[in-house]
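This report describes a protein model, beginning with its strands and sheets and ending with the contact between chains. The sequence and structure are shown below.

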Amino acid sequence: MSDLVVTAVDGGPCLIEDEGRPGHAAIGVGASGAADRASYSLGNRMVGNAPGAAAVEVVLGGLEVQAAGYVTVCVTGAPTPLRVDSRAEPSGAVLTLRPGQRLRLGTPPSGLRSYVAIRGGVDVASVLGSRSHDQLAALGPAPLVPGTTLPVGHAAAGPILVDAVSPASYDREAELRVVPGPRADWFADPGQLVRDTWVVGPESNRVGLRLTGTPLAAVRDRGQLPSEGALRGAIQVPPDGLPVVFGPDHPVTGGYPVVGVIVDADIDRLAQLRPGDPLRLRWK
Amino acid sequence: MRTLPYGDRGLLVELADTADVVAVADIVRAHPAAPELLADLVPGARTVLLVARPGVAVERLRGMVPAHKHRISPKSGAFGQGLSRPEVEVVVPVTYDGPDLADVARLTGLGEADVVAAHTGRPWRVAFGGFAPGFAYLVGGDPRLQVPRLERPRTEVPAGAVGLAGEFSGIYPRRSPGGWQLIGRTELVMWDLERSSPALLAAGTTVRFEAVG
């Protein structure tokens, strides 16, 4: 038995995530998957996993796991200080836990989500082809609680080639690129989106990042928009004028106008924004 | 029909009505390049969102969209007849005793019996999903059944409740809040992860309601 057992969850939600389940919009199921795809895949590469192996997504540290055998892990994303029993270790290093040892993630100084990649992957039942937990649809493996066992699977695909990478840093203010539309013409001044500095609101989660600032004014008499398909990175503006940027667990269709959509290469950065962080946008 | 940009992975095709949406979604799904180019296809009430696979330029998706309006929507008969996939039909037995049946009868000017007759009298078709896994927006029913949503949504609607809202009918796949006018209930399980296809109704499916009890 080379499993990990969760011994503490003291930060935000700790969820099992992988590459998600795209392609099920026809039955009302969204793609979900790791919020910061680059950090998630980096972790899998570090421990020699095949792409798509399930890992643990941790919000603001606080996770502690105990090894039931020899288990090799690497923590990427938000640079949480690590402890293996009492020994300090850096994020980005490949670590092998001996039976009984505990790995603890502290609070990262910047960023929001860390990924615990486990050599072999987390082997839990998949739902519609994915082991991702979807917060909106309540699909996939349950959030971790103390006592949860993380069975180690067989996703190891090759040797471990690199011992460590530099921990990531999210100190620089995020400035992300946005393609205008499809409904920019529903707003009196869509340019306000890229002039203002927005602040990430406390209600944000994997469904959406709620921005606070000066509300965007809608054009009058547009009526209601019939529900239309949505994507991660879409900036939807409800009647209160405060933008919501869709995350990986966004609704498949939505009824509020989308003023712009953040380009795919920039949406991983969204996953690392904390409540209170500033966000600037610019047109692509 | 017009196409609008949707970030750098998506293309939003805007159409005249939900019948065109069903037809265009059928055509795009059946396109030989679909498996190579498309990560997903998301029908809406008046739109179809095409999502490119990673590494596929959005411009390549334009070629999958039918160019001529007249090819999309042969308005005679059911939606897109002759263009759609072989039809899947699901019969849904309904006990028409919903808490809003009397209100729907009043709002439509039909008697309760006529509401039931109108709801069962024509086949519906799944246009799109999205409210919850397994929730299907059904279109193509009797136009006399159009009623507004409830002014105050219920905080809890039971699984299997059959409702009406605007041009749509739908069946709640699991207990959830909901603002549709409820006219009946079915025992059919709309969403079951133990089944090989968890959703009973997918976009494109034809649905026929049948009164029981």
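## The six-stranded sheet of chain A

In this predicted model, A:Val9 has A:Leu63 of β4(A) as its bridge partner. That bridge belongs to the pairing of strand β1 (residues 4-9) with strand β4 (residues 63-67) of chain A, which is antiparallel and extends over 5 bridges.

Both strands are part of an open sheet of 6 strands in chain A, with the order β7-β6-β9-β4-β1-β11 and antiparallel pairing. At its edges are β7 (87-89) and β11 (149-150) of chain A, each of which pairs on one side only.

## The five-stranded sheet of chain A

A further open sheet of chain A has 5 strands, arranged antiparallel in the order β2-β3-β10-β5-β8. Because β2 (14-17) and β8 (94-97) of chain A stand at the edges with a single partner strand each, one side of each has no neighbour in the sheet. On average, and with direction ignored, neighbouring strands in this sheet are turned by 30 degrees against each other.

The edge strand β8(A) pairs with strand β5 (residues 71-77) of chain A in the antiparallel sense, over 4 bridges. Within this part of the sheet, A:Cys74 has A:Val94 of β8(A) as its bridge partner.

## The helix across the sheet

Which strands does helix α1 (residues 37-46) of chain A lie across? The helix lies across β2, β3 (55-59), β5, β8 and β10 (113-118) of chain A. Relative to β5(A), helix α1 of chain A runs at about 150 degrees.

## The interface between chains A and B

In the contact between the two chains, 33 residues of chain A meet 36 residues of chain B. The area buried between chain A and chain B is about 2500 Å², and carbon and sulfur atoms give 62% of this area. On the side of chain A, the three residues A:Ala26, A:Ile27 and A:Leu231 supply 21% of the area buried against chain B, more than any other three residues.

Between chain A and chain B there are 2 salt bridges. A salt bridge joins the side chains of A:Arg183 and B:Glu14, at 2.5 Å from N to O. Polar contacts between the chains number 12 residue pairs, with both residues at pLDDT 80 or more. The elements that give two or more residues to the side of chain A touching chain B are β12 (174-180), β15 (228-229) and β19 (258-262) of chain A. By residue class, this side of chain A divides into 22 nonpolar, 7 polar and 4 charged residues.

Technical notes
Residues are numbered from 1 along each chain as its sequence is written. Chains are lettered from A and ligands numbered from 1 in the order in which they are written. This is a predicted model: local features need pLDDT of at least 70, side-chain atom pairs count only at pLDDT 80 or more; totals for chains, interfaces and linings use all residues. Side-chain values use heavy atoms; hydrogens and water are left out. Contact means heavy atoms within 4.5 Å. Buried area is the accessible area (1.4 Å probe) that two parts lose on being put together, summed over both. A salt bridge is a side-chain nitrogen of Lys or Arg within 4 Å of a carboxyl oxygen of Asp or Glu. A polar contact is a pair of N or O atoms within 3.5 Å; within protein, one must be able to donate a hydrogen and the other to accept it, and residues adjacent in sequence count only if both atoms are side-chain atoms. Ala, Val, Leu, Ile, Met, Phe, Trp, Tyr, Cys and Pro count as nonpolar, Asp, Glu, Lys and Arg as charged, and the others, Gly among them, as polar. Two strands pair if DSSP finds at least two bridges between them. Axes are lines fitted to C-alpha atoms, for helices over the stretch in contact, and angles run from 0 to 180 degrees between N-to-C directions.
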